[in-house]
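Visitor: Please take one small part of this chain and look at it closely. After that, show me how the rest can be read in the same manner.

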Amino acid sequence: MRRLRDRLPPPNSLVVFEAVARHLSFTSAAKELLVSQAAVSRQIKLLEDRFGLALFARRHRAIELTQQGAAFHKAVTIGLDHIANAADNLHQELEVSDITVYSTVTFASYWLMARIAKFRAQYPDIDIRLVASAKAGDLTGAGIDLAVR
């Protein structure tokens, strides 16, 4: 059985192909990808040589997808979207943007505030919200991540 890497075209050529097929323009795809038009052309030629068929019909100052190119574009778009969604999900799972800490006013004033600067230095991407109150209420459903009583 062939390895996945052997079965797939070069990943960069798939990204280039998707951009060209979406724009129906080598020039627009090159601008989007911040590469030269020649680099885009090379990637498309690499794919077409690999498959032994044309993915685009070249017209005077225009291109259009061939039937095989349209089917391949659909598959590539679905695959790249799936990978992008999985990457977004991983990023969101790891992303901690804020933490809400509840404590008494006395504890916050005399102990906690002196240590928040050190925490912020170690974790600059995490925003700290401090809720200090003299009364001890029910914290369930209040959006409190950590409570010190």
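**A loop residue and what lies around it**

Guide: Leucine 34 sits in the loop between H3 and H4. The model is a predicted one, and that applies to every value below. Leucine 34 comes just after H3. Its phi is positive, near 60 degrees, and the residue is something other than glycine. Is leucine 34 buried or exposed? With a relative accessibility of 76%, it counts as exposed, because the cut-off for that word is over 50%.

Another leucine can be put beside it. Leucine 24 belongs to the loop between H2 and H3. Leucine 24 also has a positive phi, of about 50 degrees, although it is not a glycine. For accessibility the figure is 39%, so leucine 24 counts as partly exposed.

Now take the helix itself. Which residues of H3, the helix of residues 26-33, are buried? They are Phe26, Ala29 and Ala30. Looking down the axis of H3, one finds these buried residues within an arc of 100 degrees, so they line one face of the helix. The general rule behind such a pattern is that an α-helix has 3.6 residues a turn, so residues three or four places apart point the same way. What covers the buried residues of H3 includes two helices, H2 (11-23) and H4 (37-51), and two strands, E1 (56-59) and E2 (62-65). The N-terminal end of H3 has a cap: a side-chain oxygen of serine 25 lies 3.3 Å from the backbone nitrogen of threonine 27.

The two strands in that cover can be followed a little further. E1 and E2 pair in the antiparallel sense, over 4 bridges. In this pairing arginine 58 stands opposite isoleucine 63 in E2. The two strands make a hairpin with 2 residues between them. Arginine 61, in the turn of the hairpin, has a positive phi of about 60 degrees.

Phe26 of H3 leads on to the aromatic residues. Together with Phe17, Phe51, Phe56 and Phe72, Phe26 forms one aromatic cluster. Searching the whole structure gives 6 aromatic pairs. One of them joins phenylalanine 17 and phenylalanine 72: the ring centres are 5.1 Å apart and the planes stand at 45 degrees, so the pair is tilted. This pair links distant parts of the chain, since phenylalanine 17 is in helix H2 and phenylalanine 72 is in helix H5 (residues 67-94), 55 residues apart. Phenylalanine 17 has 0% relative accessibility and therefore counts as buried.

A second pair is made by phenylalanine 107 and tryptophan 111. How are their rings arranged? They are stacked, with 5.1 Å from centre to centre and 25 degrees between the planes. Phenylalanine 107 and tryptophan 111 both belong to helix H6 (residues 105-122), where they are 4 residues apart, about one turn of the helix. Phenylalanine 107 has a relative accessibility of 26% and so counts as partly exposed. Tryptophan 111 is partly exposed as well, with a relative accessible area of 40%.

H6 brings us to a sheet. Three strands form it, in the order E4-E3-E5; the sheet is open and its pairing is parallel. Which strands are at the edges? They are E4 (127-132) and E5 (146-148), each of which pairs on one side only. Neighbouring strands of the sheet are turned against each other by 20 degrees on average, with direction ignored. E3 (residues 98-103) pairs with E4 over 6 bridges, in the parallel sense. Valine 101 stands opposite leucine 130 in E4. H6 packs on this sheet and touches E3, E4 and E5. The direction of H6 makes about 175 degrees with that of E4.

One more loop residue completes the walk. Serine 133 lies in the loop between E4 and E5. Its relative accessible area is 18%, so serine 133 is buried; the limit for that word is under 20%. Which residues does serine 133 contact, leaving aside its neighbours within four places in sequence? They are Tyr102, Ser103, Thr104 and Val105. To return to the start: serine 133 is a buried loop residue, whereas leucine 34 counts as exposed.

Notes: Residues numbered from 1 in each chain as written. Predicted model: local features only at pLDDT ≥ 70, side-chain atom pairs only at ≥ 80, totals over all residues. Heavy atoms only, no water. Buried < 20%, exposed > 50% of the residue type's maximum accessible area, 1.4 Å probe, protein only. Arc of directions from axis to C-beta. Contact = heavy atoms within 4.5 Å. Polar contact = N/O pair within 3.5 Å; in protein donor to acceptor, adjacent residues only side chain to side chain. Phe/Tyr/Trp six-rings, centres within 6.5 Å; stacked < 30°, edge-to-face > 60°. Pairing = 2+ DSSP bridges. Axes fitted to C-alpha atoms, helices over the stretch in contact; angles between N-to-C directions.
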